[in-house]
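Please go through this structure and report on its local features. Cover backbone outliers, salt bridges, sheet pairing and surface character.

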Amino acid sequence: ITLNTNMGLYNHSDIVAHFRSSSFSVIDALQYKLDGTTSLTRKRGLKLATALSLNNRFVEGNHDSTISLTKKNMEASVTTMAKVQCPVLRVNLQQELSGNTKSKPTISSSIKLKYDFNSAQLRSSSKGNVDHRLTMESFAPYLAIETHTKSSMSGLVLSQKYSGVVSSEANSYLDAKSMRSSVKLEGTSKVDGVWDVETKESFAGEASVGHFYAVWEHSGKNHLQLRRGFSTNGEQNSKVTLELAPWTASSVIQVHISQPSSLFKKASLSQLVTLTASLKDQQASWKGEGHIQTASLHHNLQLSNDPTVIRLDMTNSLEGYMSFLRDILLPIYDSSLWDILKLDVTTSADKKQYLHISSSLVYTKSNDGSSFSIPVKETADEFIIPGPELKSLITPSASLESGYIRLAKKTSMAPFVLNLPSLPQVKFPRVEVSTEYSVPEGSMLPFFGVTVPEFQITLSPFTLPKKLPLAGTVLNLNEVANKIADFDLPSFTMSEQSIKVPTLTFWLPAGIFLPS
């Protein structure tokens, strides 16, 4: 084998480094050729370029990358290609990455992989591919990210065929007012004569200042066949939703599973849970049913609460052959549950029975009782509360004078500006806060209501700093760039942003109620 290696470094108008290595041998597998070049250009900015190539009987590859910096733009790209060719394995890989800041910062990436494995000695083969793509773009005031991935494979293992596919998709969007995101995942797996599985997953969510919503869904199918005669086919479906808003919440959970088999001709389960809640009332329910062979079970639970009553309703039913109740003995009665229910009178052990149980519990809220309210005197502009013992109620809009607390009906919060080092300026506007005193419908006590109206916070335009404090000194990034090349770093500026804050109302009780 003969090796030859050359290396050179040239510094003229550009800085260029070159590397070359090769070998010669009577064995083809030991022959290769490797070339690499890197150049640094300092005209009208800074540009760094690298190229690399490799040639061999079994491996081939190319790599090119470029990074360019100017006063107004930054751009980069990377491309890589590789091939592997062996007697039993072939692989192709292609990767691309690029980004620039011309009109808006954008980054995109893609990866493609293909392979083919075949071994006659192992009686096995496999073919597959992977395709992945990613895109990200940002332009004040939003950020968007998308990604897609898909892969598949198929082949033989000891002459047994198999195949599978997996795909996913995800995206996110973020701006000053809200954020949205979603994810999808699908997959299949199959082995001929053994199993066949399919599954799908999805999630989506949205969030803003005054609202949040999310939903998750799942569905799947499966088939399993064993050589000893056992087989099963099933389906699964589920869904969960959640929604939140100021002073309200709701959620729903749904589940359905069916999995019959050669052992149980009928086997399924279904459940439904709901929940809604607000300041005025709350409700919750749980419904479900299950079946296995000839037996079935049903249940229903309802719970509610409102200003007048709390109610709990429960129903349960069981259907099937209940001869097993003969074996359940109650020591207190010294009898089985079958005898206590006197099932011999209405049925027999060889017949199907039906058992139903229901109950209700109701608590009625009484309006009778004693209430103790804070004495309040109302004028045209304020509320006056006597008593020095109420100092804890003093707020920015209240004052204490000679044993009296004065609450203004209208209070103006002056605008102000928040300045933090190396961060955008935050401006808070003037806000008119109102206070009211009333007795809500259905309530035995008066309440103070403090309302903060909707207002908007402003973030001033912000440019990323080029000078950074570091270890007691200041690092000037432009000076560093000027020493490398004759150019200044590009400026990145975020435009003015606005954040909206919704109306908020807080209720504070002005007394105590003691039920009788």
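## Positive phi in two loops

Trp247 sits in the loop that joins β15 (231–245) to β16 (248–258). The model is predicted. In it, phi of Trp247 is near 70°, a positive value in a residue other than glycine. The Trp247 residue is partly exposed, at a relative accessible area of 46%.

Lys342 also carries a positive phi, about 55°, although it is not a glycine. Its place is the loop between α1 (337–340) and α2. Lys342 has 58% relative accessibility. Exposed means over 50%, so Lys342 counts as exposed.

## Salt bridges

How many salt bridges does a search of the whole structure find? It finds five. Three of these pairs are described here, beginning with Asp35 and Arg20. Their closest N and O atoms are 2.7 Å apart. The pair links distant parts of the chain, with the two positions 15 residues apart in numbering. Asp35 belongs to strand β3 (residues 32–41), and Arg20 to strand β2 (residues 15–24).

Are Asp35 and Arg20 buried or exposed? The two partners fall into separate classes. Asp35 has 16% relative accessibility. The cut-off for buried is under 20%, so Asp35 counts as buried. Arg20, at 39%, counts as partly exposed.

## Bridges around β20 and α2

Asp344 and Arg326 meet through their side chains in a salt bridge, 3.4 Å from N to O. This pair, too, links distant parts of the chain, 18 residues apart. Asp344 lies in helix α2 (residues 343–346). Arg326 lies in the loop between β20 (309–320) and β21 (329–330). Asp344 is partly exposed, with a relative accessible area of 46%. Arg326 is partly exposed as well, at 37% relative accessibility.

Asp313 and Arg311 form another salt bridge through their side chains. Here the N to O distance is 2.9 Å. Arg311 has 36% relative accessibility. That value lies between the 20% and 50% limits, so Arg311 counts as partly exposed.

## A four-strand open sheet

Four strands make an open sheet in the order β29-β32-β33-β40. The pairing is antiparallel. Which strands form the edges? They are β29 (410–413) and β40 (504–509), each of which pairs on one side only. On average, neighbouring strands of this sheet are turned by 20° against each other, direction ignored.

Strands of a sheet pair through backbone hydrogen bonds, in a parallel or an antiparallel sense. At one edge, β29 pairs with strand β32 (residues 431–438). That pairing is antiparallel and runs over four bridges. Within it, Ser412 stands opposite Glu432 in β32.

## A nonpolar surface patch

Which residues form a nonpolar patch on the surface? They are Ile1, Leu3, Val26, Ile27 and Leu30. Together they have about 570 Å² of accessible area.

Ile1 is found in the segment before β1 (2–11). Its relative accessible area is 68%. The limit for exposed is over 50%, so Ile1 is exposed. A patch residue needs over 30% relative accessible area, so Ile1 clears that limit too.

Technical notes:
Residues numbered from 1 in each chain as written. Predicted model: local features only at pLDDT ≥ 70, side-chain atom pairs only at ≥ 80, totals over all residues. Heavy atoms only, no water. Patch = residues over 30% accessible without salt bridge, like charges linked within 9 Å, V, L, I, M, F, W, Y side chains within 5 Å. Areas by Shrake-Rupley, 256 points an atom, 1.4 Å probe, with all protein chains shown as cover. Salt bridge = Lys/Arg side-chain N within 4 Å of Asp/Glu carboxyl O. Buried < 20%, exposed > 50% of the residue type's maximum accessible area, 1.4 Å probe, protein only. Pairing = 2+ DSSP bridges. Axes fitted to C-alpha atoms, helices over the stretch in contact; angles between N-to-C directions.
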